[in-house]
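Dear colleague,

Please find below the sequence and structure that I am handing over to you. I would be grateful if you would keep the structure open while you read the notes beneath it.

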Amino acid sequence: MNTVAEATETFVAHDMLAPDVVVISDGGGIKQATPRPIIGAGKVARFIVGGLTKNDITLIVEATTVNGSPAVALHMDGELDGVIAMRVENTHISGLYYVRNPQKLTYIASETPLTLR
């Protein structure tokens, strides 16, 4: 894809996003994040594509799971920059939770053992 507009159109055209999809992001006051939720397939697609193509960086996207939900880990220039967890309903992505807060990202690399009380 050559432009942000073309990539955005791909998201919307492939009907991956629910019409009322919402993105909520958390930078913890340390990393840049959206101050308010972003609502609507077109706006969300532009946010995702525009944000990932804005900087001159090397981006690696790794599929993973977070709290049992599908997610992607975003590595920028070799370092974990954020995780986007997805809520999927009726074959569409209805919610995206973009965590960039470095304090919360420390838990991604570790596994928390479950115990019975």
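The notes below take the sheet, an aromatic pair, two individual residues and the salt bridges in turn.

Please bear in mind that this is a predicted model.

The sheet

Six strands form an open sheet, and their order is E2-E1-E6-E5-E4-E3. The pairing within this sheet is mixed. Strands E2 and E3 are the edge strands, each pairing on one side only; E3 covers residues 59-66.

Strand E1 comprises residues 17-26 and runs parallel to strand E6, residues 92-99, with six bridges joining the two. Within this pairing, valine 22 is found opposite glycine 95 of E6. E1 is also joined to strand E2 (residues 38-39), here by two bridges and in an antiparallel arrangement. The bridge partner of valine 23 in E2 is isoleucine 38.

At the other edge of the order given above, E3 runs antiparallel to strand E4 (residues 69-76), and eight bridges join them. Isoleucine 60 has histidine 75 in E4 as its bridge partner. When you inspect these strands, it may help to recall that side chains in a regular strand alternate between the two faces of the sheet.

The aromatic pair

The structure holds one aromatic pair. Its members are phenylalanine 47 and tyrosine 98, arranged edge-to-face, with 6.4 Å from centre to centre and 70 degrees between the planes. The pair links distant parts of the chain, since phenylalanine 47 belongs to helix H2 (residues 41-53) and tyrosine 98 to strand E6, 51 residues apart.

Are the two rings' residues buried or exposed? Phenylalanine 47 has a relative accessible area of 25% and is therefore classed as partly exposed. Tyrosine 98, with a relative accessible area of 11%, is buried.

Serine 25 and asparagine 101

Serine 25 is located in strand E1. This serine counts as buried because its relative accessibility is 15%, the limit for that class being under 20%. The side chain of serine 25 makes a polar contact with the side chain of threonine 34, at 2.7 Å. Not counting residues up to four places away in sequence, serine 25 touches Ala33, Thr34 and Tyr98. Tyr98 is also a member of the aromatic pair described above.

Asparagine 101 sits in the loop between E6 and helix H3, the helix spanning 102-105. With a relative accessible area of 6%, asparagine 101 is buried. Which residues does asparagine 101 contact, leaving aside its neighbours within four places in sequence? They are Asp26, Gly27, Gly28 and Ile30.

Salt bridges

Side chains of opposite charge can pair when their charged atoms come close. A search of the whole structure finds four salt bridges, and three of them are described here individually.

In one of them, the side chains of lysine 104 and aspartate 26 meet at 2.5 Å, N to O. Lysine 104 lies in helix H3 and aspartate 26 in strand E1, so this salt bridge ties together parts that are 78 residues apart in sequence. Lysine 104 counts as partly exposed, at 44% relative accessibility. Aspartate 26 is also among the contacts of asparagine 101.

Another salt bridge joins aspartate 81 and arginine 100, whose closest N and O atoms are 3.0 Å apart. Aspartate 81 is part of strand E5 (residues 79-89), whereas arginine 100 is in the loop between E6 and H3, so the pair ties together parts that are 19 residues apart in sequence. Aspartate 81 is buried, its relative accessible area being 6%. Arginine 100 is buried as well, with a value of 14%. These two residues also belong to a network of salt bridges that links Lys31, Asp81 and Arg100.

A further salt bridge is formed by glutamate 89 and arginine 87, with 2.9 Å between the closest N and O atoms. Glutamate 89 is partly exposed, with a relative accessible area of 42%. Arginine 87 is likewise partly exposed, with a relative accessible area of 35%.

With kind regards

How values were computed: Residues are numbered from 1 along each chain as its sequence is written. This is a predicted model: local features need pLDDT of at least 70, side-chain atom pairs count only at pLDDT 80 or more; totals for chains, interfaces and linings use all residues. Side-chain values use heavy atoms; hydrogens and water are left out. Two strands pair if DSSP finds at least two bridges between them. Helices (H or I, at least four residues) and strands (E, at least two) are DSSP runs, numbered from the N terminus. Rings of Phe, Tyr and Trp (its six-membered ring) pair if their centres lie within 6.5 Å; planes under 30 degrees apart count as stacked, over 60 as edge-to-face and the rest as tilted. Buried means under 20% relative accessible area, exposed over 50%, partly exposed in between (1.4 Å probe, protein chains only). Contact means heavy atoms within 4.5 Å. A polar contact is a pair of N or O atoms within 3.5 Å; within protein, one must be able to donate a hydrogen and the other to accept it, and residues adjacent in sequence count only if both atoms are side-chain atoms.
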